[in-house]
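Thanks for asking me to look through this model with you. My comments follow as numbered points.

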Amino acid sequence: MFAFAIYGPFFLLYLNQTRGLTMTTAGMVVAISSLGSAVSQALGGMVTDRFGRRKSLVFFSALDVLFNITLTFMVAISTPVWSIALVYIMGGFISGLKQPATTAIMLDLAPRQQLTEAYGLAQIVANIGWVFGPLLGGFMFSSFSYAYLFAIAVLTSAACFILTLAALKESYAGAKRETSFRVAFSVKADRALFTYIGLNLMVFIVYVQIVNTYSVFAVNELGFTATQYGLLLSIASIFAVIFQYPVTRMVSIRLGDKNALFLGSFIFGLGYISLGWITSFAWSVAAIVFITLGELLFVPSASSTVGRLAPPDQRGRYMGLLGTGSGLGIAIGPLLGGVLFDASHDTPLLMWGALAVIAFAASLGFLRWFAVYKSRLV
C-alpha cells in the first residue's frame, strides 16, 4: 500500500500535466487498468483456492516486482505514452491476481465473530502506508522525475516479496478444482452475493474519486500544489490509523455490519457533495476527514459480510469476486469522474453531487439487502 500510495494518486497528474493527455483519456487509462485488476481478482481467488494461499501470493508478488521495474525504466526514458499506459494496464491485472490471497488468508485465520475487527486491523496497516506515501509522493512529484516514485515502488514491492517468501506460513493448502475464467465467474445461484457485489461496486465508484478526480480538481481548480494534495491524503490516513480500531470495535459491539454499511455509504455521499462548496485547504481537510469516517465504517464490514457468506472451500473465490466488484467500481470511477470533470468542472456542485447520488442509492440498497438475506449470515 505504501508503494501504491506514493505513485498511484499522481498517475493522473502525470498523464495530464507531464504527458498532455486530457482528463477523459487519462481517466480511461486508469479505468482500463482497474478493470483488468477487477477481472483478475476473480481468477486470482480461484487460483488461491486451487493451489494454496502462500504459493499463489509468492508467485504473484514476484510478477509485481517485475512490473514495477519495467514501468520505472519506461517512465525514466520517456517511452511513448501509449506504451506506458499499456504496461500500467498490465500491472493492474497483476495486482488484482494477488489481492484475494491476502483477504482469504485473514478469513482463514480470524475467528468468525471477529472478522470485522480483523479486516479493521488490516485497514489500519494499509492506512499507515497512506500516511507517508502521498506526502512523500507529492513532494517528489513536484521536485523530481515521476520515475523516482516508481523506483521506490520497486524497493517496497521487493521487500513485500521477500517477507512473503521468508515469513508467511500456509493457511490453506488448496484443493483440486477446475481452473478457468468460466469457473472463476460462476458461483451458481448465489443471488445474495451478486446483489451485494453490485451495491459494493456503486460505493467504490464514489470512494475512488478522492485518489483520482479530486487530485486534478484540487490542483487545477482549487490551486493546491501536489504537495498539499499529498498532505490531504496523509492527514486522512493519520485519522484512519488513529480511529479505525475504535470505530470497528463499535461496529462489532453495537452497530453491526448492516448499520456500518448503510452509514458508511451515506457519509460518502454527504462528504462528496460537500466538495461542491469547498474553496480553501482547511475546508478540504475537514471534507476529507469526514469522507474517511465513511471508509472506517464501510470497508471492514464490506469484507467481513462476504466472509460470512462464503463456504470454507470457496473463500478465495468469494473474496475474489468481491474484489472484482470493487475493482469494477474503481475502474468506472476515474472514467466517470474524468467525464464529469471535463463537462462540468466550472460547476463543481453538479459534478460532485452526481457522484453523491450514487452513494446515497447504495446506502438504501444495503438496508434492503440485509432485510432479505440476513439469514445467510452466520
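1. Is Arg53 buried or exposed? Arg53 is buried, with a relative accessible area of 0%. Please keep in mind throughout that this is a predicted model. With that said, the surroundings of Arg53 make a good place to begin.

2. Arg53 has two acidic partners to look at. The side chain of Asp49 meets that of Arg53 in a salt bridge, with an N to O distance of 2.9 Å. Asp49 is buried, as is Arg53. A salt bridge also joins the side chains of Asp108 and Arg53, here at 2.8 Å from N to O. Because Asp108 belongs to helix α5 (residues 81-109) and Arg53 to helix α4 (residues 53-76), this pair ties together parts that are 55 residues apart in sequence.

3. A further link between these helices deserves a look. Lys98 and Asp64 form a salt bridge in which the closest N and O atoms are 3.0 Å apart. Lys98 is in helix α5 and Asp64 in helix α4, so this pair ties together parts that are 34 residues apart in sequence. Both partners, Lys98 and Asp64, are buried. As for networks, Asp49, Arg53 and Asp108 are joined into one by salt bridges that share partners. The search of the whole structure gives five salt bridges.

4. One more arginine may interest you, this time for its contact with a ring. Arg50 lies over the face of Phe51, and the distance to the ring centre is 4.6 Å.

5. Between α4 and α5 there is a backbone angle to check. Ser78 sits in the loop that connects α4 and α5. Its phi is positive, about 55°, although Ser78 is not a glycine. For context, most residues other than glycine have a negative phi. Ser78 counts as partly exposed because its relative accessible area is 47%.

6. Now to the chain as a whole. Its secondary structure consists of 14 helices and zero strands. The radius of gyration is 20 Å, close to the 21 Å that the globule rule gives for 378 residues, so the chain is as compact as a globular protein of that length. Along the principal axes, the C-alpha atoms fill a box of roughly 50 × 40 × 35 Å. Of the 378 residues in the chain, 57% are buried.

7. How many aromatic pairs are there? The count comes to 24 aromatic pairs. One of them brings together Tyr196 and Phe366, whose ring centres are 5.7 Å apart and whose planes meet at 70°, so this pair is edge-to-face. Since Tyr196 lies in helix α9 (residues 191-207) and Phe366 in helix α14 (residues 348-373), the pair ties together parts that are 170 residues apart in sequence. Tyr196 and Phe366 are both buried.

8. Trp369 and Phe370 form another ring pair. Their centres are 5.0 Å apart and their planes are at 80°, so this pair is edge-to-face. Trp369 is buried, with a relative accessible area of 2%. Phe370 also counts as buried, at 7% relative accessibility. If you display the rings together, you can follow a cluster in which ring pairs link Tyr196, Phe204, Tyr207, Phe268, Phe298, Phe366, Trp369, Phe370 and Tyr373.

9. For helix geometry, I would point you to α6. This helix covers residues 115-143, which makes 29 residues, and it reaches 42 Å from its first C-alpha to its last, close to the 42 Å expected at 1.5 Å a residue. Where does α6 bend? The bend, of about 25°, is at Gly133, and a proline, Pro134, follows within four residues.

10. Finally, a short helix nearer the start of the numbering: α2 spans residues 11-18. Six of the eight residues in α2 are buried, so to describe it as mostly covered is fair. The buried residues in α2 are Phe11, Leu12, Leu13, Tyr14, Leu15 and Asn16. Just after α2 comes Gly20, which takes a positive phi of about 80°.

Definitions and conventions: Residues are numbered from 1 along each chain as its sequence is written. Side-chain values use heavy atoms; hydrogens and water are left out. Helices (H or I, at least four residues) and strands (E, at least two) are DSSP runs, numbered from the N terminus. The expected span of a helix is 1.5 Å times one less than its number of residues. The bend at a residue is the angle between axes fitted to the seven residues ending there and the seven starting there. Rings of Phe, Tyr and Trp (its six-membered ring) pair if their centres lie within 6.5 Å; planes under 30 degrees apart count as stacked, over 60 as edge-to-face and the rest as tilted. Buried means under 20% relative accessible area, exposed over 50%, partly exposed in between (1.4 Å probe, protein chains only). A charge sits over a ring if NZ of Lys or CZ of Arg is within 6 Å of the ring centre and within 35 degrees of the ring normal. A salt bridge is a side-chain nitrogen of Lys or Arg within 4 Å of a carboxyl oxygen of Asp or Glu. The radius of gyration is taken over C-alpha atoms; the globule rule is 2.2 Å times the number of residues to the power 0.38.
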